[in-house]
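Me: Here's a model I'd like to go through with you. Could you take a close look at one spot and then work outwards from there?

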Amino acid sequence: MNTLIAARGITKHFGATKALDGVDLDIFAGEVHVLLGENGAGKSTLVKVLAGIHSPDAGTIEGHASLAVIHQELALVPELSVAENLFLNRLPRRFGFVDRAEMRRRAPELLRRVGLDVDPDAKVGDLGIAQQQMIEIARALDKDAGVLILDEPTAVLTDTETDRLLRIMAQLRDNGVGLVFITHHLDEIQRVADRITVLRDGRSVGVLGPRATPQHMIELMVGRPIDEQYPRARQRPGTPLLSIQGLTRRGVFEDISIEVHAGEVVGIAGLVGAGRTEVARAAFGVDAYDHGTVAVDGKPLRRHDVQAAIKAGLGLVPEDRKGQGLVLTATVGQNLELVTLDDRDQSRLHDIAGKLRIKGRVEQPVKELSGGNQQKVVIGKWLLADPKVLILDEPTRGVDVGAKVEIYELINRMTAQGRAVLLVSSDLPEVIGMSDRVVVMAHGRVAGELPEGATQDQVMALAVQEIPA
Amino acid sequence: MSTISIRKYASENGALAGLLVLALVIALMQPAFLNAQNLLNVGVQAAVIAIMAFGMTFVVVAGGIDLSVGSIAALAAMVGALTAGPLGLVVGALCGLVNGALISYGKLPPFIATLAMLSVARGLTLVFSEGQPHETDAVVTFLGSNLAPSLPLPLLLMLAFFGVTGLILTRTNLGRRMYAIGGNEEAAKLSGIDVRRNKLWIYALSGLFAAAAGLVLAGRLGSAGPQAAAGYELDAIAAVVIGGASLSGGVGRATGTLVGALVLAVLRNGLNLLQVPPFWQQVVIGVVIALAALLDSLRRR
């Protein structure tokens, strides 16, 4: 076995916290090596040490292969063309000027290696996120990177895009590239992993083979047995708390009717682009709509008015945690009080932070928290406002398994108190496991509704349905 | 105090440490700096910029910028001299409201909206004054006077505005919202904060503070000039930035801005005492601003 990189006893401190504690990691040529762990387990720090961004406090790294990291935030220039991005920093030149012809000649070959069929002259900003990712991978390959580290690349991809990425990864592996793959999706791991290094609290707690079961992975990751992944506790539904009737926004979604009763969790499933987030935002008053009504507890809401929606008892946890949910420059406490600024009772802040089991002090900057704890802060600011209906848009995206279960328990607690939850999620097992009913959207319309206990196949069958215009 | 809390203290008060070092160096080179009368002078010199910079702090914390404060100060002082002081304050607040409306409802970038106001307010000052300086009345002149031989009113006003700014930033909903809007406008909106209406008030406050600064300046000089306070907006921004606020929003404190304004005043005073030629003073001040920003950026890494 050809070892490309051998890291031994890597230790790294940040102030008083030990981010990595004696981690060993081997990367072989021709393998997909998954790094698995909860948020804050040390995956990102390890990647940064390998990439030379952080220098370790102790330990050695031996390796001959050059290494490229594809971060979640892509390092492309949106205003430049595909070809220019591919050769950024080493643009071919002729007489001191950029040699466009040469660039155009060499680009297709590179793009072919990642199975990408785009015009080299296209502007990168006009491409989808999946294509942009492929361009970064192609660029790394052109630099003869022997080791490619992919940091949660699938978090932003649709299922088909993920399939394509996993295929390309398998192909690169067969060509002898060593791939390090970070993902929270256990099914993806089962599909491509050759070896899995599990990190917990900065230590490597085990290296598993490709046949590891999800149960085994989860238990290693959280360090304790997990009884149930989706602990939904059903309530008897009460009066309708949220009723969306015939909601239409031309060209985006059409004739959406959804009713959520007290004590109920209604899921909205569908492919990316089906219009789920758009419906959630319109119902909450962030965006306008053309027809239809939204009522909370029987009271119709004014269109395009977030303040009115909140006053009526509606809340929204948006899908983009950092972009829309959190004020990253502020502390945990300042984020928690955002919705309930008029409430001067500070003791409730500490109370809710404790209840949510947020790891971090109320005075701590929220950006120092892990993704799961950050998400609990976003949910917490709404729990303080005690809305009648809470819309959760991808509440567990980028959240580790342990924190996921805690978020599910929060959903249970809300419905036990007679509140209602509308759960928008692309995670099929989650939306099926945590919802009492699942509404499936396709092409901006409601494609159908499934009762509790629906299968993933049933949901997908509705989600991919062609609806006649 | 443990090492960690000392380090934390120093990193949160980098500007204060800088101010003390600066004062120490100047005092060593020219002991007259520490003369009580001179220190009072420094305070008075800092007052106008500080009051203006407190208003700027609101805007910067909320993620904006206000280039019009120098012109608004001149316009308010001129209106105050031609009519009555309080009317100058009203005019200043109104100019700020117009800035806020252009930014909130007209969706103009703050840089552009306030750049336009910089020109409009200065132009109106010239129109109203017909290009001539005008004497201030007793009320405005009083603002620049001494209550007692060693009790200059501008200094007291600066401290009063400092207190009010701290209160607004830390103890009022408007203040808390400034941090939210500057830190992440989208998150603020989705949390039910009326971002547009709040911006109106924020820029109005900046206009009001600039007007107050203009009146204090006119009071000290005993007259309002058509070119008064020209370029002061840059000093105000510098004071806010030296004080540790971030121009990308969400970060900034009243204490920092006060220290920032004092740094500028101490520097000017010290350079005068050391008889550095005025042309070179500008160079030194620019270097200090760059150093302060550099230190801050190093500290954040």
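In which loop of chain A is His443(A) found?

Reply: His443(A) is in the loop between β20 (437-442) and β21 (445-451) of chain A. Strands here are DSSP runs (E, at least two residues), helices are runs of H or I with at least four residues, and numbering goes from the N terminus. Before going on, note that this is a predicted model: local features need pLDDT of at least 70, side-chain atom pairs count only at pLDDT 80 or more, and totals for chains, interfaces and linings use all residues. Residues are numbered from 1 along each chain as its sequence is written, while chains are lettered from A and ligands numbered from 1 in the order in which they are written.

Back to the loop. His443(A) has a positive phi of about 50 degrees, although it is not a glycine. Most residues other than glycine have a negative phi. His443(A) counts as partly exposed because it has 19 C-beta neighbours inside 10 Å; with C-beta atoms placed from the backbone, 20 or more others within 10 Å would make a residue buried, 12 or fewer exposed, and anything in between is partly exposed.

Chain A has another histidine to look at in this way. His304(A) has a positive phi near 55 degrees, and its place is the loop between β16 (299-300) and α9 of chain A. With 13 C-beta neighbours inside 10 Å, His304(A) counts as partly exposed. Gly52(A) takes a positive phi too, of about 80 degrees, just after α1(A). That helix (residues 43-50) has eight of its eight residues buried, so the rest of the structure largely encloses it. Among the buried residues of α1(A) are Lys43(A), Thr45(A), Leu46(A) and Lys48(A).

UniProt helps to place these spots: its unreviewed entry puts "domain: ABC transporter" at residues 5-226 and 233-468 of chain A. UniProt positions are given in the numbering used here, feature names are shortened, and annotations may be inferred rather than shown by experiment. Over residues 5-226, chain A is 33% helix and 29% strand, with the end C-alpha atoms 34 Å apart.

Now across to the partner. The contact takes 20 residues from chain A and 17 residues from chain B, where being in contact means C-beta atoms, placed from the backbone, within 7 Å. On the side of chain A that touches chain B, the elements giving two or more residues are α9 (306-312) and α10 (321-325). By class, that side of chain A has twelve nonpolar, six polar and two charged residues; nonpolar covers Ala, Val, Leu, Ile, Met, Phe, Trp, Tyr, Cys and Pro, charged covers Asp, Glu, Lys and Arg, and the others, Gly among them, are polar.

In chain B, the unreviewed UniProt entry lists "transmembrane region" at several stretches, including 46-65, 111-129 and 279-298. Residues 111-129 of chain B are 100% helix, and their end C-alpha atoms lie 27 Å apart. Residues 279-298 of chain B are also 100% helix, with 29 Å between the end C-alpha atoms.

Then there's the core. The largest nonpolar core has 179 residues, and Ile49(B), Ala50(B), Ile51(B) and Met52(B) are among those with the most contacts inside it. Such a core is a set of buried Ala, Val, Leu, Ile, Met, Phe, Trp, Tyr and Cys residues joined through C-beta atoms within 7 Å. Helix α3 (residues 36-61) of chain B gives the most to this core, with 15 residues. Apart from it lies another core, of 62 residues, including Val32(A), Leu46(A) and Val82(A).

How does α3(B) pack? Its axis and that of helix α11 (residues 195-221) of chain B come within 8 Å and cross at roughly 175 degrees. Axes are lines fitted to C-alpha atoms, for helices over the stretch in contact, and angles run from 0 to 180 degrees between N-to-C directions. α3(B) and α11(B) are therefore roughly antiparallel; that label needs over 145 degrees, under 35 is roughly parallel, 65 to 115 roughly perpendicular and the rest oblique. Ile51(B) and Met52(B) are among the α3(B) residues in this contact, with Leu205(B) and Phe209(B) among those from α11(B). The contact has 18 nonpolar, two polar and no charged residues.

Definitions and conventions:
Contact = placed C-beta atoms within 7 Å.
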